[in-house]
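Q: Please go through this model with me and, for each label used, set the value against the definition behind it.

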There are 2 protein chains.
Amino acid sequence: MSVPAAPAVAVDVAVLTVHAGALHVLLVQARGGPFAGWWALPGGRVREAESLEDAARRELAAQTTLRGIHLEQLFTFGQPERDPHDRVVSVAYIGLVPDPGSELIADTGGKYAAARWRPVSRLPALAYDHAAVVRLAISRVRAKLQYTNLVYTLLPRPFTLTELQSIYESILGRSLDRRNFRRKILSLGLLRSVDRTRRGSHRPAALYVFRSRRPRTVAVL
Amino acid sequence: MSVPAAPAVAVDVAVLTVHAGALHVLLVQARGGPFAGWWALPGGRVREAESLEDAARRELAAQTTLRGIHLEQLFTFGQPERDPHDRVVSVAYIGLVPDPGSELIADTGGKYAAARWRPVSRLPALAYDHAAVVRLAISRVRAKLQYTNLVYTLLPRPFTLTELQSIYESILGRSLDRRNFRRKILSLGLLRSVDRTRRGSHRPAALYVFRSRRPRTVAVL
DNA sequence: GCAAAAGTGTTCAATGTACACCCATGC
DNA sequence: GCATGGGTGTACATTGAACACTTTTGC
């Protein structure tokens, strides 16, 4: 492969979700290049006529079953040695999706190797500088969780306050007082109560949805 | 000029400072390209073997007298239409420097047209999407001022608490209570008192310096 | 009736905000 | 002695943290 006279541009996406009480990231298996066979973040080269975010969505669609998810730019990695063969500047994105539930494998079934959700606490060695990308993505999400309404991207359907709190706890890595959490969250006016309830082997819980599904900055915690 | 098959990579730097109680940004006059004659942020193409930050420093050195300043990555702008001729993805950086005082013009005197400090409240039309870059830079600095010790980049020499407060007020665009500001700032332990004082037509003021000149996150305000 | 999670209130500590007076200097 | 900014302390409001008991359901 020839070395271009100027850096090439790529995008990489760290798609995060909370599943079974743990933060997970979506990994794909690299099929070619210097890291063939390694686990990596989905991503690829940016084309001539598309925006960076469009490139991220296109690569996600090609390598996974994810469509229309929440994306935000994270950081641009441009160390000359980050790709041992080419000079590639990579614009990293964070993706956030609701709990995939039992669909733990996102797979397009053909051209690309299967994508897999992996808990961030036990990641395999990653290609390129993708370990650093994941670390930065986690710390960014942790921070933004506290001063924005970002969680809404992880909870599309009606949810109980306990479920909401559990997402905060999984990402922040610490437990929160249930009573204080409920009071604080409700006082922000971000939630709207739905008249249905969720039943279990115990008292039914009230369900809520987010009033607005647009990014907004609010002091949540 | 031929359109390359893939996006090119550039860096642009919004260098900010506080001068005479107002936030200023450093502009240069574009000499060629689609925006010849327009005011723009200093910047240029990234070369094969340099990191993004190195490219930013190299371009700053070529177009201004600034060396060794505080730089941090802001955002990467990659809309296909942001440059009407080429497809250029631009990694924008924020630069922060102390008050240049009477040296209101940074000039290398040769290859490039003079660089000038302009108050951000009265900017001329800017080339490319540089107006958006400046807006984003300002809002980022405003935010980071409140939860980091970022100000130290604007005050290299001993300063009075009033000078420090005035910088906060200029950037935040609101006035702060002098007594509360002093108490809060001193309680953080970021400052070290120097035994000298600054004299004027009034009571001499104690001088301080920052204990550490490394980025750190602290709730300042 | 018992287990399990839902729901609710109060107390205390810490932090932020508003505000008024004396001090040291130059002229 | 007066104008100018420097320096300090106190009262009140707001916010966050800790904490215990009652309620509703399934089994």
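Q: What makes the area between domain 1 of chain A and domain 2 of chain A a buried area, and how much is it?
A: Buried area is the accessible area, taken with a 1.4 Å probe, that two parts lose on being put together, summed over both. For domain 1 of chain A and domain 2 of chain A that loss comes to about 1300 Å², and carbon and sulfur atoms give 73% of it. The elements that supply two or more residues to the domain 1 side of this contact are β1 (8–19), β2 (22–29), β5 (70–77) and α2 (130–147) of chain A, where helices (H or I, at least four residues) and strands (E, at least two) are DSSP runs numbered from the N terminus. Of these, α2(A) gives the most, with five residues. By class, that side of domain 1 of chain A holds nine nonpolar, four polar and four charged residues; here Ala, Val, Leu, Ile, Met, Phe, Trp, Tyr, Cys and Pro count as nonpolar, Asp, Glu, Lys and Arg as charged, and the others, Gly among them, as polar.

Q: What should be known about the origin of these values?
A: This is a predicted model, in which local features need pLDDT of at least 70 and side-chain atom pairs count only at pLDDT 80 or more, while totals for chains, interfaces and linings use all residues. Residues are numbered from 1 along each chain as its sequence is written, chains are lettered from A and ligands numbered from 1 in the order in which they are written, and side-chain values use heavy atoms, with hydrogens and water left out.

Q: Where do the two domains of chain A begin and end, and how many residues are in contact?
A: The bounds, which come from an automatic or database domain assignment, are 8–147 for domain 1 and 150–210 for domain 2 of chain A. Their C-alpha centres lie 28 Å apart. Contact means heavy atoms within 4.5 Å, and by that rule 17 residues of domain 1 of chain A touch twelve residues of domain 2 of chain A.

Q: How many salt bridges and how many polar contacts are counted between these domains of chain A?
A: A salt bridge requires a side-chain nitrogen of Lys or Arg within 4 Å of a carboxyl oxygen of Asp or Glu, and the count between domain 1 and domain 2 of chain A is zero. A polar contact is a pair of N or O atoms within 3.5 Å; within protein, one must be able to donate a hydrogen and the other to accept it, and residues adjacent in sequence count only if both atoms are side-chain atoms. Two residue pairs, both at pLDDT 80 or more, are in polar contact between the domains of chain A.

Q: What describes the interface of chain A and chain B?
A: The size of an interface is often given as the accessible area lost when the parts come together. Chain A and chain B bury about 1700 Å² between them, 55% of it on carbon and sulfur atoms. In chain A, E48(A), Q73(A) and R87(A) lose the most area to chain B, together 31% of what that side buries. There are zero salt bridges between chain A and chain B, but nine residue pairs (both at pLDDT 80 or more) are in polar contact across the interface. The largest share of the side of chain A that touches chain B, four residues, comes from β5(A). That side has 15 nonpolar, five polar and four charged residues.

Q: Why are R179(A) and T162(B) said to be in polar contact with DNA strand D?
A: The limit for a pair of N or O atoms is 3.5 Å. A polar side-chain atom of R179(A) lies 2.8 Å from a base nitrogen of DNA strand D, and one of T162(B) lies 2.8 Å from a phosphate oxygen of DNA strand D, so both pairs fall within the limit of 3.5 Å. R178(B) likewise places a polar side-chain atom 2.6 Å from a base nitrogen of DNA strand D.

Q: What makes a residue near DNA strand D, and which come nearest?
A: A residue is near a strand if one of its heavy atoms lies within 4 Å of it. Of the 22 residues around DNA strand D, R203(A), T162(B), R178(B), R179(B) and H202(B) come nearest. This surface divides into four nonpolar, seven polar and eleven charged residues.
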